[in-house]
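This briefing covers one sheet with its helices, followed by a few single residues. The sequence and structure come first.

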Amino acid sequence: MNYFLTGGTGFIGRFLMEKLLARGGTVHVLVREQSQGKLDALRERWGVDDSRVKAVIGDLTSKNLGIDAKTLKALTGKVDHFFHLAAVYDMGADEEAQQATNIEGTRAAVNAAEAMGAKHFHHVSSIAAAGMFKGTFREDMFEEAEKLDHPYLMTKHESEKVVREECKVPFRIYRPGMVIGHSATGEMEKVDGPYYFFKMIQKIRRTLPQWVPTIGIEGGRLNIVPVDFVVNALDHIAHLDGEDGNCFHLVDSDPYKVGEILNIFSEAGHAPKMAMRIDARMFGFIPPFIRQSLKNLPPVKRLTGSVLEDMGIPRSVLSFINYPTRFDARETERVLKGTGIEVPRLPDYAPVIWDFWERHLDPELFKDRTLKGTVDGKVVVITGATSGIGLATAEKLAETGAILVIGARTRETLDKVAASLEEKGGKVHAYQCDFSDMEACDQFVKTVLDNHGHVDVLINNAGRSIRRSLSLAFDRFHDFERTMQLNYFGSVRLIMGFAPSMLERKGGHVVNISSIGVLTNAPRFSAYVASKSALDAFSRCAASEWSDQNVTFTTINMPLVKTPMIAPTKIYDSVPTLSPEEAADMVADAIVYRPKRIATRLGVFAQVLHAVAPKMGEIVMNTGYRMFPDSSPGVGGKVIERPKVSTEQVAFAAVMRGIHW
């Protein structure tokens, strides 16, 4: 058998070629001059040479596919099956490109098949040819297609029309569903269809534990099929006798709803599942003009665009959430009966689909998400940089090429740290500053701007923590004043000092080292948590004002970290804590990814619990409060006896890992 393929190096095409080669055939593949390397790689993959897989130089949008007369003559009468797979399979492609490739490319393929006297023409169309038909679309239906407003739907319909009306070679038409990766290996070529929602699932997984239920959408039924089913069915049907002129739906006869699909892939990706799914049809009582007016409101459009961009979801994909079409596949089922070729159930192969995406297709893999790539040559300011989290972060940044500006109270310690960082290759500038002194903060800002011109990243790390029950602090109002002075006023003074140049340059990032206590409402830390909460609230307000100026904020609700700040509380020696290096990794993630917030799953859960069941959260925190003693020494020089750490305390702290007690 001799075969000719357009789109042979594409996703479906390469799997189909492998099937055809297994039949002992010779495959002629249309390729552009500059794309022959792809074919060479496929030959090597299959272990065949150019005697089995022959390159035919041409172009899909040219007459007779741009095949020269000599080659066309050599192929005449020798092609048993002509497979036309080449098309734009991209919802985001522009209309002109889709028309040129999908419609005119199909016309050129039809003409070339006739010119070379092919015996059979196989047109791989798509269920998109049905448009947004409401109801069940049969294989013998075509003209009934409706709502072909989207360029992809329209061009797939029109290209099929070209075959039906203009092709003189006996033809067969195949309409695959949404083709995803191989059900055994997960192999896929690009992000498309359901893959657009994988990033959203991944982000939810990073935010919430898998057992936390979420709320989502129900949506219509999406017809998803793995590429191996499509290719196996296509190969089998193409070689049957007496099926010319027929159309075959290569689809799942029992498709899943959007919400079910998201839950299947959420389980595959170890992310929380949507326990409650909202059916958008319940809002059908709202007049269409009102719904459209709401969609067109500038804040709604901007918010929608921002979320979609963040998730990597094309806006056009939203129109398919409530996909209205079901597909009858009785002809396909008839010819495949007894062959064992059938659509596997999505839950059975979703794990390999997810795994391949996360290892090979996740957009994050193709971005420079290294710390060096983010801060090389940038001015990064770290306060409290001579110990704990600040020092660990400075050490990490010293190797990145950043212009590192460090600030702390003690000149001697500052100089030692600066020398150590320079030995690591850091470009370090050390400035002494007591960040609880507002005049000193102003001078620090002036010095930094005078010497460096601007600041790209400000890390507000310098802080003071006080662990003391309120009942022991009635006469210690200064505890609240001094935590607020450093943790809140000092940080805000720096933000307000560096912000004008950030806004002028339309770029800047502020990282605030906050506390998990802000999320858990930690007892004994009212002074500390209140100061950090104030900074969190200020940053949220500032972010709302400067969102369109590319000046961003990240709050890190840091769990308990083993630093000199917690050293006086000896009970912390026996409970789980993060190392400063692990905390510095969280700061690095904040710099690279610029999320609104970084928090542990336990911290996020505590915040959610406080929102939906505040009394329950209060009881949990009070239990921990009563279980752990106050620090020693106590108020007024009175020493509080330090009991040994019990097994119960250690177990409780392990379950509540990272929470301050």
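Two strands are said to pair if DSSP finds at least two bridges between them. Helices (H or I, at least four residues) and strands (E, at least two) are DSSP runs, numbered from the N terminus. This is a predicted model, in which local features need pLDDT of at least 70, side-chain atom pairs count only at pLDDT 80 or more, and totals for chains, interfaces and linings use all residues. Residues are numbered from 1 along each chain as its sequence is written, and side-chain values use heavy atoms, with hydrogens and water left out.

**The sheet as a whole**

- Seven strands make up an open sheet with parallel pairing, in the order 18-17-16-19-20-21-22.
- Strand 18 and strand 22 (597–599) are the edge strands, each pairing on one side only.
- From one strand to the next, the twist averages 15 degrees; axes here are lines fitted to C-alpha atoms, for helices over the stretch in contact, and angles run from 0 to 180 degrees between N-to-C directions.

**Strands 16, 17, 18 and 19**

- Five bridges hold strand 16 (residues 379–383) and strand 17 (residues 403–408) in a parallel pair, with valine 381 opposite valine 405 of strand 17.
- Between these two strands the chain passes through helix 14 (residues 388–397), in a right-handed β-α-β crossover. Right-handed means that, with the strands pointing away from the viewer, the path from the first strand over the helix to the second runs clockwise.
- Strand 17 is mostly covered, with five of its six residues buried; buried means under 20% relative accessible area, exposed over 50%, and partly exposed in between (1.4 Å probe, protein chains only).
- Strand 17 also pairs in the parallel sense with strand 18 (residues 427–432), over six bridges, and alanine 408 faces glutamine 432 of strand 18.
- The connection from strand 17 to strand 18 runs through helix 15 (residues 411–423), and this β-α-β crossover is right-handed.
- Strand 16 and strand 19 (residues 457–460) are parallel and paired over three bridges; leucine 458 in strand 19 is the bridge partner of valine 381.

**Helices on the sheet**

- Helix 16 (residues 438–452) packs on the sheet and touches strand 16, strand 17 and strand 18, with its direction at about 150 degrees to that of strand 18. Contact is defined as heavy atoms within 4.5 Å.
- Helix 17 (residues 477–505) lies across strand 16, strand 19, strand 20 (508–515) and strand 21 (551–558), at about 175 degrees to strand 19.

**Strand 21 and threonine 555**

- Seven of the eight residues of strand 21 are buried, so this strand is largely enclosed by the rest of the structure.
- Eight bridges pair strand 20 with strand 21 in the parallel sense, including the one between serine 515 and methionine 558 of strand 21.
- Strand 21 runs parallel to strand 22 and is joined to strand 22 by three bridges.
- Threonine 555, in strand 21, stands opposite arginine 597 of strand 22.
- Threonine 555 counts as buried because its relative accessibility is 6%.
- Beyond its neighbours within four places in sequence, threonine 555 contacts Asn512, Ser514, Asp536, Lys596, Arg597 and Ile598.

**Helix 6 and histidine 182**

- Phe198, Lys199, Ile201, Gln202 and Arg205 are buried in helix 6 (residues 198–207).
- Down the axis of helix 6, the buried residues fall within an arc of 160 degrees, so they line one face of the helix; the arc is that of the directions from the helix axis to the C-beta atoms.
- Histidine 182 sits in the loop between strand 8 (178–180) and helix 6, and counts as buried at 17% relative accessibility.
- A polar atom of the histidine 182 side chain lies 3.0 Å from the backbone nitrogen of alanine 184.
- Leaving aside neighbours within four places in sequence, the contacts of histidine 182 are Phe15, Glu187, Val227, Asp228, Val352 and Ile353.

**Glutamate 33**

- Glutamate 33 is in the loop between strand 2 (26–31) and helix 2 (36–46), and is exposed, with a relative accessible area of 52%.
- The side chains of glutamate 33 and glutamine 36 make a polar contact (3.0 Å). A polar contact is a pair of N or O atoms within 3.5 Å; within protein, one must be able to donate a hydrogen and the other to accept it, and residues adjacent in sequence count only if both atoms are side-chain atoms.
- Glutamate 33 and glycine 58 are 25 residues apart along the chain, and their C-alpha atoms are separated by 7.4 Å.
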